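Subject: Structure for you to look at

Hello,

Here is the structure I promised to pass on. Please open it first, then read my notes below.

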Amino acid sequence: MIVKLHIFAVLWGTYSYQLIPRIEECGLTCSQGFRCKRHISTSILNSFCRPAPASLSNVTLRNMKLWTAMKCTEGHECSLYLSIKGTLHLNENVHGMEICSLSMNTQKTQCVSVKVSRNPHVKLSGKKVKLQFNCFEVSAGQPVYVTMRTIPNYCGIQLNQEYYVEDCRNSDVGKNIPSCFAGKLAYEVDRAGQTILLNVSEVAQSVDYFVRLCHRRFVCEDVGSVTLVQRNDLVKSVSLPFTQPLPCLCIEAWPAIPDARRVQMCPFKNNTKALWDDIIYNAVTQTLTWEAACPIHVNVSLCRLMKMNDQCVDLLNSSKTAPEKVKYSRVDAHPRLCMKFMTKHGSWIRCPFAHENGQVWSMKVSMMEKEIQVSFISNTEAQFSVLVCNITEPSSCDSAGIHQSISVGGSVSSYVNISGKACGLDMCIQGLRTDVVYSVPTYVCGLPCAFSSQSQQHNETSFHILSAVAMLAVLVIMLALLGHQFLSVLHRKRKERKGATHTKTQRMKDIHSLH
């Protein structure tokens, strides 16, 4: 593998720096002693061959060689020519050669007829003459198909060869051929004004330039008109208006000469998020379509947007891979039904029904005396299923065995009744549209169990009342005991004070009696 890479590098280096042979003038030359006269061949008669005489052999034409030549003027403007060399074995039935060059790009054909003559006293039969012609002008990188045949044209006596002219990667061609002077582009984007200001530099001074915006697909397709920049105006900026900053929107510039090399720049090549907004829904056919404005390899799927964590869970059998267009039939226009786009650069989610003024249908759950009433209202005729399920994961709900179907027509409400036992924190009622292929369910979860909760509330109220009465009774008893004890202490203290007072009075009387 390393040896192959080294060989490739050597060959590439040889190709890149190969010098093209120069010529001062194009023309025709032939071997010494022969006179060759050329004229441009426009007749198609020589295209039809005739049976070859027995004296002719397949070696009548030999040694065809092709190479590129360059002719330059004093102003350093150069052009490329195809040099063709071959050997013609003369015969009394052959008196010349026709050389044709077919451009495989444009299907344009150039032909020249060469007639050979010599001193009329010398026979030409058996002689061979070498011819060289280098006046077929070619362009850089052009593939050509060269044909060499006898005059007259004999069947089976012909040489053919394909040839590829050196392109602008060859340093000699790239520096001297005007079609390779693509120049350099510098631009500024005015997003508010939706314009691109372009400057072209390092270009041939004597050449006008074309600039345009295009959408790069298999070829770059025009966006707006092509602008011709005069050679004297190349120092000025060119304003190119755009409507949408798409990743395939490119600037293209090239010299105003045939088969010129073009240079491209794509200012918004990383702005892939602009591709995901072209979603169209047909309410009549219930068809959801996405068509990319630019070619891109993307995996598209429908998904259900979750309320809890904003994740989008893929709908079953909705994944599709397409370069430009995806179409889904019989799609329910639900606010949480979205499209997910995944590329090697990331993923994006678009919900085309999230901002609708009103839902196509809605589900309502009401608690009745012993049942739960599930009602639907739909703007169109539709069919729904009602399922009681048990939440196991954020994105799944296992059936609890209760399932019913209902048809809804117009804007009139329709309903079904299910058992009131379908209640509790982990229980949900799921409503799902079933007359479409792609739909998103609606859930109502955590319904209160009405009857048990009323009984429990009554019992809890009675318990609270009895507890309050008991506490009040205990408080009264404690207050009574405290009051009784307080009165007893107070009575005893009064009694003690009264006894002390009586004793003191008696003593005073005794003292007075002594006196």
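Does L479 count as buried or exposed? L479 counts as exposed, because its relative accessibility is 53% and the cut-off for exposed is over 50%. Keep in mind that this is a predicted model.

**The surface patch**

L479 sits in helix 3, which covers residues 450-514. L479 also belongs to a nonpolar patch on the surface. The other members are L472, L475, V476 and L482. Together the five have about 490 Å² of accessible area.

**An open sheet**

Next, look at the sheet built from 4 strands. The sheet is open, and its strand order is 1-7-4-3. The pairing is antiparallel. Strand 1 (28-30) and strand 3 (61-72) are the edge strands, so named because each pairs on one side only. On average, neighbouring strands of this sheet are turned by 20 degrees against each other, direction ignored.

Zoom in on one edge. Strand 1 is joined to strand 7 (residues 128-138) by 3 bridges. These two strands run antiparallel. L28 has F133 in strand 7 as its bridge partner.

**Aromatic pairs**

The count of aromatic pairs comes to 12. Two of them are worth a look.

One is F242 with F268. Their ring centres are 5.3 Å apart, with 50 degrees between the planes. That makes the pair tilted. F242 lies in the loop between strand 14 (238-241) and strand 15 (249-255). F268 lies in the loop between strand 16 (263-265) and strand 17 (279-282). The pair therefore ties together parts that are 26 residues apart in sequence. F242 is buried, at 7% relative accessible area. F268 is buried as well, at 3% relative accessibility.

The other is W276 with W348. Here the centres are 5.3 Å apart and the planes stand at 35 degrees, so this pair is tilted. W276 is in the loop between strand 16 and strand 17. W348 is in strand 24 (residues 346-350). The two residues are 72 apart, and their pair links distant parts of the chain. Both W276 and W348 are buried.

Which residues do ring pairs link into a cluster with W276 and W348? They are W290 and F341.

**Where to start**

I would begin with the exposed L479, then go to the buried W276 and W348.

Best wishes

Terms used. Residues numbered from 1 in each chain as written. Predicted model: local features only at pLDDT ≥ 70, side-chain atom pairs only at ≥ 80, totals over all residues. Heavy atoms only, no water. Patch = residues over 30% accessible without salt bridge, like charges linked within 9 Å, V, L, I, M, F, W, Y side chains within 5 Å. Areas by Shrake-Rupley, 256 points an atom, 1.4 Å probe, with all protein chains shown as cover. Salt bridge = Lys/Arg side-chain N within 4 Å of Asp/Glu carboxyl O. Buried < 20%, exposed > 50% of the residue type's maximum accessible area, 1.4 Å probe, protein only. Axes fitted to C-alpha atoms, helices over the stretch in contact; angles between N-to-C directions. Phe/Tyr/Trp six-rings, centres within 6.5 Å; stacked < 30°, edge-to-face > 60°.
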